Amino acid sequence: MNTKVVSELVKIVGEEYVSTRVDVLLTYSETASMAKDPVTPGAVARPGSAEEVSQILQLCNKNKILVTPRSGGSSLQGEAIPKPDGLVVDLLRIKGITLHKELRSVTVGSGITFGELDKFLNQHDLWVPVAPESALICSVAGNVAVNGAGPGSSAYGCIAEMVLGVEVVLPNGEIIQTGSEANPNAPGPFLRYAFGPDLTGLFIGSLGSLGIITKVSLKTYKRMHQFHYETYGFDTAEQSEKFLIEVKNNDVLPMFASVYEGPVLNFFMDMVGEEYGIPEHEWPHRTVSMTIGRLREDRMKSDAKKAKEICEQLGGHVIGISELPQGEWEGRFWTFVRTCYIHGWHWRTLYHHQTPTNSHRSVEEITAAMDEHGFLGHTAGFLSGHSTMNMYPHFYFDPLDKEEDHMIRAAHDELAITLYKTGAVPFKLAEYWKGRMEGMEDYMKLLSAIKETLDPNGILNPGVLGGI
Amino acid sequence: MTEIDLDDLMENLAQCRRCGICRDAVYEDMGFDGICPVWKNTAGFETSFMRGKLMIAIALLEGRLEKTSDNTEALYACSLCGNCTEICAAEFDPKESLELVRAVLSDIPNEVRDTLAERILTTNNPYVTDKKGKRDWVAELGFEPPTKADTLYYFGCTAGMKLPETAKAAARLLKAAGIEFAVLEDEPCCGSVMIRTGRLQDAEENAKKVLESIQESGAKTVLVSCAGCLKTLRKDYPEKFNLSMPKIVHFVEYFLELVKSGKIKLKPLGKNVKITYHDPCHMGRELGIYEEPRDLLKAIPGVELVEMETNRRAAMCCGAGGGLRSYDPELSKKIAADRVREAEETGAEIIANACPFCEQNLESGAKLIDSSIRVADIVDLIVDLIE
């Protein structure tokens, strides 16, 4: 990178927090996105405030330097892979947690992780009930930028549903506050849909391409302590899908409800069953592993009773193995990370959403692709909102086997097209959807126009948002 | 020596899929309040914590990064505390892998590493260039331990040369308990720092010398007061060098048994003395010795044991290990200061420990932040309490 630009960066953030060392750059060339090739940036800067981020973006605009925002580096779909000779802006130094108890909200800086936030809120017997599976690694702001989901989403939806406003630095360096806090006289974050269109939503899931989020305000809730853990067995996919719909229709509150195919569950159990003390079992065609949560015990018990009734009415049966959902829920900040990495494979993912009643289509297509191409992997999903399943297929590969790597890339590309045609909806518009969403040309045109308006020089994470 | 299987090492390194949980996971349920003390106490670039270190290691081993001293800096800026291994979700030991990488890349110049090794090989200690002083504390005991006995007190370089009061306390404790013990005339260094920093072949030669000295003393039991010596003699020598060692026991393990069996009784230390215990990485995470030191402290009348926020397997490191205190003393002390702050938050008057190397660094950390907390080895605490 141009030495003059580096000197300017040093003036903004201090010498300690800028690096062009070859070893440092190497470590920013990749993230947890295993399937992405490394790209070496020209420099890394670690600003300590939104004002410093603003100055950096002004400098980069002036010098046409491409910028990649990054915090935990845990994203899986290439969101924070830098551009050649570009600048990585590492946001982990921007800390701070402010509780607005009366407003039932909390504001966090872009360097705060879910683990830190949860520990802080726990002191007040509060929580943000939605957390991604990478809760100990990713920052809250980073997760908002990719619109993540995870345990808690079955009841409350993706992280977007928790957000009341963001402080965002636009590509031109302007610092904007959205939501009720846009009014400097407002007492704090209490209303997201304020002052017209949902500008907050513009930045959620924007993968850091429309602005750099430096603060997020989120809803807080009284922490639940009443949980019921149960597994429900079904002979058909349709029964399990109907079960999830009826659970939601009947106002049962599933904090986390996963649906597993028998063989996939057996695969998981082979890996972690013993470690988590889950008894051996001949799992049925479909298993729903569900944690019901309520503030009040009577409501929790009532929900558990209703869920059992729904299951049996649909021809399913209560399996009675509570250890699976209990392990998922109680260990939610670590268990899923463990399951993702215990097996030793590298993997590609293709996150997408389906309606519960259509989720079997994803399973069918992914299974067919695995059979056709001969690769290993799995897919499963969890209820992640009003009527949505978050599907998280993993396609395994050995990074040292170039032939296999090539084959998985091809299968992945094919599947993006196939799954889209089944009605799959990506909530993160990762780069691999580019050109594979027939019939959405006008939508993408609008998105491009927004990008061009906010970032005329195209400096901020270009290409990452569906190729824009 | 067990040869390092490079393919095996590369396979292990490939287990890191860069999730980044080794950076600063705060996970209340498992007791973690941050993971990497180096990340926390430096500018915080990716090179500072294990994910980045392993990326650099792989690049160096694959030849994608030039093998220079500058490019290996990050590999040595690590205390090998193993907190990353505790939280890691993959099936490998990142800390152990990094230690092996250092050994594989030991041909890349590193003045600190090589100076430490040369001193140990020529003068039996990593601190000074002559042998003088390591055994001076014996002259101040008031009695002369023999050089041969069933029980050997292997006092270690740090207690002998930096904290002789601890060495003296340990010897007096043994005498007070009626244990006949020997002290070597010319005790070789255990070589822990050579193993940690990658001078494995030299460490093996040194280990043989240590074993020979122990054998010459006729000892059936070797007592150590240093967690580093304990891990090196008990675990590394047999596992890395296939050496058959006699029984290696830490003072806290040994004296806890004596207290439990009623062979010794302890007088009160005072009234409601609040003590917190710092888990040395070599004793805790490496050997799983968490409760013995706590039980021994709790056995002292008048002591109230309070826990730091991070303790046992999730305890933050004092910053001294892995060669870091020599490689980057200022960073090492900053890490220690962090640990001292954590101890201060408990309201404790004393940070007890069971490792002179930790003690030395914690004292430096306390000095750095003008803390009035007392840093004390458990041995120092109980020496005057035997009835």
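Which side chain does the side chain of B:Arg135 join in a polar contact of 3.5 Å? The partner is the side chain of B:Glu144. A polar contact here is a pair of N or O atoms within 3.5 Å; within protein, one must be able to donate a hydrogen and the other to accept it, and residues adjacent in sequence count only if both atoms are side-chain atoms.

A word on conventions before going further. This is a predicted model, in which local features need pLDDT of at least 70 and side-chain atom pairs count only at pLDDT 80 or more, while totals for chains, interfaces and linings use all residues. Residues are numbered from 1 along each chain as its sequence is written, chains are lettered from A and ligands numbered from 1 in the order in which they are written, and side-chain values use heavy atoms, with hydrogens and water left out.

Back to B:Arg135, which sits in the loop between helix H7 (111-123) and helix H8 (136-139) of chain B. Helices (H or I, at least four residues) and strands (E, at least two) are DSSP runs, numbered from the N terminus. With a relative accessible area of 17%, B:Arg135 is buried; buried means under 20% relative accessible area, exposed over 50%, and partly exposed in between (1.4 Å probe, protein chains only). Besides B:Glu144, the B:Arg135 side chain reaches the backbone oxygen of B:Val183, at 3.2 Å. Setting aside neighbours within four places in sequence, the contacts of B:Arg135 are B:Glu144, B:Pro145, B:Thr147, B:Val183, B:Leu184 and B:Glu185, where contact means heavy atoms within 4.5 Å.

Chain B also offers strand S5 (residues 221-224), covered on both faces: B:Thr221 and B:Leu223 are buried on one side, B:Val222 and B:Val224 on the other. In a regular strand the side chains alternate between the two faces of the sheet. S5(B) pairs with strand S3 (residues 151-154) of chain B in the parallel sense over four bridges, and two strands count as paired if DSSP finds at least two bridges between them. B:Thr151 has B:Thr221 as its bridge partner in this pairing. Strand S6 (residues 247-250) of chain B also runs parallel to S5(B), joined by four bridges, with B:Ile248 as the bridge partner of B:Val222.

Turning to chain A as a whole, there are 15 helices and 21 strands. Its 468 residues would give a compact globule a radius of gyration near 23 Å, and the 22 Å of chain A agrees with that; the radius is taken over C-alpha atoms, and the globule rule is 2.2 Å times the number of residues to the power 0.38. The C-alpha trace spans about 70 × 60 × 45 Å along its principal axes, and 63% of the residues in chain A are buried. Chain A splits into domain 1 (3-90), domain 2 (97-222), domain 3 (226-339) and domain 4 (344-433), with bounds from an automatic or database domain assignment. Between the C-alpha centres of domain 1 and domain 3 of chain A there are 42 Å.

Early in chain A, an open sheet of four strands follows the order S1-S2-S4-S3, with mixed pairing. Strand S1 (18-19) and strand S3 (67-70) of chain A are at the edges with a single partner strand each, so one side of each has no neighbour in the sheet. S3(A) runs parallel to strand S4 (residues 87-90) of chain A, with four bridges between them, and A:Val67 stands opposite A:Leu87. A:Leu87 is also one of the contacts of A:Leu9, as are A:Val18, A:Ala43 and A:Ile56, among others. A:Leu9 itself lies in helix H1 (residues 3-13) of chain A and is buried, at 1% relative accessibility.

Further along chain A comes strand S14 (residues 286-294). Nine of the nine residues of S14(A) are buried, so the strand is largely enclosed by the rest of the structure. Strand S12 (residues 226-234) of chain A pairs with S14(A) in the antiparallel sense over nine bridges, A:Phe227 having A:Gly293 as its bridge partner. Strand S13 (residues 254-261) of chain A is antiparallel to S14(A) too, over seven bridges, and A:Ala257 stands opposite A:Met290.
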